[in-house]
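Please walk me through this structure, from the single chain to the way the copies meet.

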Number of protein chains: 2
Amino acid sequence: METKFQELKNRLLEVNDISSAAGLLYWDQSTYMPPGGAAARARQTATLGRLAHEKFTDPTIGKLLDALEAYEKSLDYDSDAAGLLRVARRKYERAIKIPAKFTAEVANHTSESYQVWTEARPANDFERVRPYLEKTLEYSRQAANFFPGYDHIADPHIESSDYGMKAEDVSRVFAELRQELVPLVSAITSQEPADDSCLHQHFPEEKQLAFGLEVAEQFGYDMHRGRQDKTHHPFMTKFSLGDVRITTRTKENFLGDALFSTLHETGHALYEQGICPDYEGTPLARGTSSGVHESQSRLWENLVGRSRGFWYHFYPKLQSVFSEQLGSVSKDTFNRAINKVERSLIRTNADEVTYNLHVMLRFDLELAMLEGNLEIRDLPEVWRERFEADFGIAPPDDKDGVLQDVHWYFGLIGGAFQGYTLGNILGAQFYASAFKAHPEIPTEIRREGKFSTLHNWLKENLYQHGSKYTAPEIIERATGSPLSIKPYIAYLHSKYGELYDLDGCGPAQWTEMMETWPDGSAS
Amino acid sequence: METKFQELKNRLLEVNDISSAAGLLYWDQSTYMPPGGAAARARQTATLGRLAHEKFTDPTIGKLLDALEAYEKSLDYDSDAAGLLRVARRKYERAIKIPAKFTAEVANHTSESYQVWTEARPANDFERVRPYLEKTLEYSRQAANFFPGYDHIADPHIESSDYGMKAEDVSRVFAELRQELVPLVSAITSQEPADDSCLHQHFPEEKQLAFGLEVAEQFGYDMHRGRQDKTHHPFMTKFSLGDVRITTRTKENFLGDALFSTLHETGHALYEQGICPDYEGTPLARGTSSGVHESQSRLWENLVGRSRGFWYHFYPKLQSVFSEQLGSVSKDTFNRAINKVERSLIRTNADEVTYNLHVMLRFDLELAMLEGNLEIRDLPEVWRERFEADFGIAPPDDKDGVLQDVHWYFGLIGGAFQGYTLGNILGAQFYASAFKAHPEIPTEIRREGKFSTLHNWLKENLYQHGSKYTAPEIIERATGSPLSIKPYIAYLHSKYGELYDLDGCGPAQWTEMMETWPDGSAS
């Protein structure tokens with residue numbers, strides 16, 4: 001058994017190494033690659049992707065998994081070996097169901113589609129990319145049908161990023177959330193909008209980058225195993241547990257961009273850096289799902305980084321770095337500026353309250369398209385109608401409407417968006433549980449800029465486990481409750497109730513919720 | 001035939017892509033990788049190296065080459081297809097002779113040996129690394145014996161980097177060169193040494209880097225397909241013909257380091273960037289040998305970059321960048337400083353005259369070790385004796401003696417050094433031929449800082465061909481002569497004769513040589 005288990009691990013390690021190299025090809029392409037390298041780089045990335053897939057779907061891996069089935073059953077469910085075998089088996093069974101020929105075809109198609117989209121979007125020309133999107137929808141339905149027996153045709157897509165959740169679960173959660181969000185957004189946006197002009201001044205890039213990184217390190221981002229570079233779109237990537245990198249982008253005329261994208265990516269990086277070192281090179285060595293991953297970026301970016309307590313400690317530092325720009329701006333004004341809520345067109349620029357409405361719109365349209373209830377030719381019109389219904393404003397064009405996100409034009413339709421909102425919900429849920437265990441957390445942050453209690457709780461209860469537990473499992477284990485929108489709603493009501501002086505809302509709501517989380521009783 | 005040829009090319013392309021990714025792993029490790037990534041990176045590099053080797057030595061490639069043998073014979077020798085088949089066959093036949101198990105064993109051994117050397121060198125402790133070096137010598141002899149039928153046991157090593165040359169050829173050329181160099185070095189070093197104190201001032205890093213890169217671009221280094229970063233040891237690396245990068249290092253208290261290493265690596269990069277784009281991804285898409293490659297780094301670094309004419313144009317620019325440091329330093333003083341000749345201990349810091357004596361010493365010791373005529377335990381003593389004989393100074397310790405170069409401690413013994421001196425010789429030979437075709441080259445450089453005539457001649461006659469021709473073939477084709485030390489000797493006599501006021505030497509010698517090169521008659 002030992003030998004077979006070792007052989008399996010060796011093979012998985014090989015796949016991991018090839019994939020890590022492919023990851024570096026992408027990081028380099030986004031950071032330092034000269035433009036002349038683009039054509040060959042696309043080919044090299046495809047070659048390594050194909051190789052990793054070939055190696056992973058090698059029937060020998062299937063045979064090893066079969067041979068190890070009895071061994072796996074003999075192991076404690078919580079043991080690392082059992083976790084490794086469980087996750088490897090699940091991923092292997094998924095991977096072999098999709099024919100390599102289909103994957104290659106889709107890769108070709110989506111790279112053409114992406115090319116056309118990069119031109120169609122600035123030209124506001126949905127018609128141009130429509131035939132590609134129709135083909136993409138066909139492929140997306142086909143892809144789902146490699147997994148017969150689903151309840152909903154979107155399920156196989158959702159399971160690939162948020163294993164353990166189905167379309168029905170997500171829809172139910174989203175419907176609950178929607179009921180709370182719509183009146184909250186109305187209440188907020190009927191008030192005087194926050195003045196965020198203090199963020200729209202000239203802030204030299206170097207200082208922005210240095211400040212963001214200082215906070216990231218204070219959060220606990222280990223620079224011995226990390227670094228930050230600039231890219232067009234910020235992301236986090238990992239080449240090993242000893243090399244977890246983030247990227248950011250700066251706008252010199254807007255303070256919010258680099259800073260909060262750094263804190264967001266740092267959240268992702270803390271998760272990956274916190275994984276148990278023994279998992280290095282195995283399928284366990286990554287965050288367990290898109291939603292749980294996003295919960296960490298949102299927790300550190302929003303629940304921590306946009307909180308009043310955080311800035312109580314850090315605002316004087318920020319003021320001393322940008323004394324000319326912020327010297328005479330009060331902490332309250334700054335706090336309202338970074339938490340400005342508004343009905344806006346673009347998802348990626350949206351605040352933490354309205355953001356979810358953007359996601360739900362996309363999620364619902366994805367389901368309708370996959371079900372066959374929404375034709376691509378009707379998509380722009382349906383988008384506009386839904387957007388107007390949800391946001392009270394009509395997108396003036398497709399460019400900032402249905403053409404705005406890269407996802408559908410550079411990948412399949414389905415499963416790409418729900419993780420963002422699941423992350424918002426879960427971020428609050430994890431934070432509430434950390435607080436319940438350590439009520440001193442907000443005070444430590446406020447008084448000392450100290451994050452280690454929060455960070456350690458997250459490492460202990462979430463990060464270290466990597467993918468050993470599925471999202472539903474780890475949520476239950478770490479928080480004593482299945483996914484629940486209650487903490488998130490309490491958090492939003494409390495925070496925005498105070499900021500916008502809403503009736504019946506205030507800071508106590510969130511504290512009370514956390515004190516009595518998850519069962520309504522104080523500890 | 002077409003199908004088989006295409007299949008072969010596809011397989012070679014796959015190998016190329018894996019190797020390019022491995023190259024990026026190394027570049028990243030040397031430039032930006034956080035220290036925590038080291039362990040996994042070593043493993044990832046080994047995995048990709050093994051995969052590339054496995055894919056290249058796949059018997060299917062052998063069968064395809066066999067099937068294409070008649071086709072290859074039917075092709076014109078100068079055709080690209082014939083070149084590709086010829087080079088692929090040669091490399092394949094070499095690769096399959098070395099068992100994968102042996103390669104893996106050597107890789108393990110050399111990485112241990114390297115580790116020990118990094119500690120033994122600063123501790124000046126040859127004894128510590130001696131057993132490793134003994135094992136390395138054993139491996140080196142074994143490696144050669146996978147290629148029975150050699151004339152000299154060093155031949156297989158030399159052929160791997162300088163295909164077409166054997167130990168006997170190199171020894172003969174080196175003996176000729178030595179006869180000329182020894183009296184030249186004596187003559188120079190009996191003069192007052194040049195004063196290079198003007199280079200040993202404070203030169204801010206940013207300005208050094210910017211100036212070096214400006215010259216590199218003026219040489220013709222295409223930044224759309226290139227970039228420069230900082231590393232501990234400068235190098236050139238290529239991920240595709242559209243992505244050829246250089247690295248450099250700076251010392252703020254010495255002007256010579258970054259500038260000339262940039263020009264050196266630029267020479268390598270110009271060669272790779274100049275390869276025919278049709279060769280992308282094939283075994284033809286790289287410089288043909290170590291010696292020919294080094295000829296280009298040395299040509300641009302020394303024959304151009306350390307010439308009086310070059311600085312006639314560029315010195316005023318350099319003075320304006322470093323006006324405080326160089327404003328009152330005359331062009332002549334600067335010119336003598338950057339061409340200072342001295343008997344010194346360290347190869348990598350040596351000037352272009354004495355450098356070759358360092359190389360010859362190592363080359364001769366390599367032959368003796370491989371032949372079994374020199375035991376590792378006697379190596380430090382023999383090194384000291386030979387060094388004293390050649391340089392007139394005794395190395396005070398092994399640290400700056402036999403322990404100074406990484407080569408023997410991180411690779412096999414044999415074939416690693418001769419390319420440097422072959423490069424010095426060939427740099428002058430190529431330059432002479434370019435001059436013969438375009439006598440306006442030195443004037444263009446001097447008057448306008450214009451390099452395009454020289455660069456175009458090199459592209460046309462050397463760079464574009466990549467590996468299509470072997471070193472002896474391309475030397476003959478491009479210069480109308482086999483490798484010859486005559487141009488190099490004339491160049492050295494002429495340049496250093498003028499600088500050091502030596503009897504019977506002066507600038508006319510080099511010009512005359514070039515005007516009548518290669519057959520002694522003017523054109």
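Is the crossing of α16(A) and α17(A) right-handed or left-handed? In this predicted model, α16(A) and α17(A) cross in the right-handed sense. The first of the pair, α16, covers residues 355-371 of chain A, and α17 covers residues 379-391. Their axes come within 11 Å, at a crossing angle of roughly 145 degrees. From α16(A), the residues L357(A), L361(A) and L365(A) take part in the contact. Opposite them, α17(A) contributes V382(A), W383(A), R386(A), F387(A), D390(A) and F391(A). By class, the residues of this contact are seven nonpolar and two charged, with no polar ones.

These two helices belong to a chain with 23 helices and three strands. The radius of gyration of chain A is 23 Å, and the globule rule gives 24 Å for 523 residues; the two values are close, so chain A is as compact as a globular protein of that length. Along the principal axes, the C-alpha atoms of chain A fill a box of roughly 65 × 55 × 50 Å. Of the 523 residues in chain A, 45% are buried. Among the contacts in chain A with a separation of 6 or more, 71% join residues that are 24 or more positions apart.

The next step is the second chain. Between the chains, 30 residues of chain A are in contact with 30 residues of chain B. Three elements of chain A each supply at least two residues of the side that touches chain B: α1 (2-31), α2 (38-56) and β2 (236-240). The largest share comes from α1(A), with eight residues. Sorted by class, the side of chain A that touches chain B holds 13 nonpolar, nine polar and eight charged residues.

What remains is how the copies are related. In general, a rotation about an axis and a shift along it relate two copies of a chain. Here, a turn of 180 degrees and a shift of 0.0 Å along the axis lay chain A on chain B with an RMSD of 0.0 Å. This is the relation of a two-fold axis. The C-alpha of chain A nearest the axis belongs to A21(A), 3.2 Å from it.

Which surface does each copy use in the interface? Of the interface residues of chain A, 100% are also interface residues in chain B, so the copies meet through the same surface.

Technical notes
Residues are numbered from 1 along each chain as its sequence is written. Chains are lettered from A and ligands numbered from 1 in the order in which they are written. This is a predicted model: local features need pLDDT of at least 70, side-chain atom pairs count only at pLDDT 80 or more; totals for chains, interfaces and linings use all residues. Helices (H or I, at least four residues) and strands (E, at least two) are DSSP runs, numbered from the N terminus. The radius of gyration is taken over C-alpha atoms; the globule rule is 2.2 Å times the number of residues to the power 0.38. A residue is buried if 20 or more other C-beta atoms lie within 10 Å of its own, exposed if 12 or fewer, and partly exposed in between; C-beta atoms are placed from the backbone. Two residues are in contact if their C-beta atoms, placed from the backbone, lie within 7 Å. Axes are lines fitted to C-alpha atoms, for helices over the stretch in contact, and angles run from 0 to 180 degrees between N-to-C directions. A crossing is left-handed if the near helix is turned anticlockwise from the far one by less than a right angle, and right-handed if clockwise. Ala, Val, Leu, Ile, Met, Phe, Trp, Tyr, Cys and Pro count as nonpolar, Asp, Glu, Lys and Arg as charged, and the others, Gly among them, as polar. Copies are superposed by least squares on the C-alpha atoms of residues with pLDDT of at least 70 in both.
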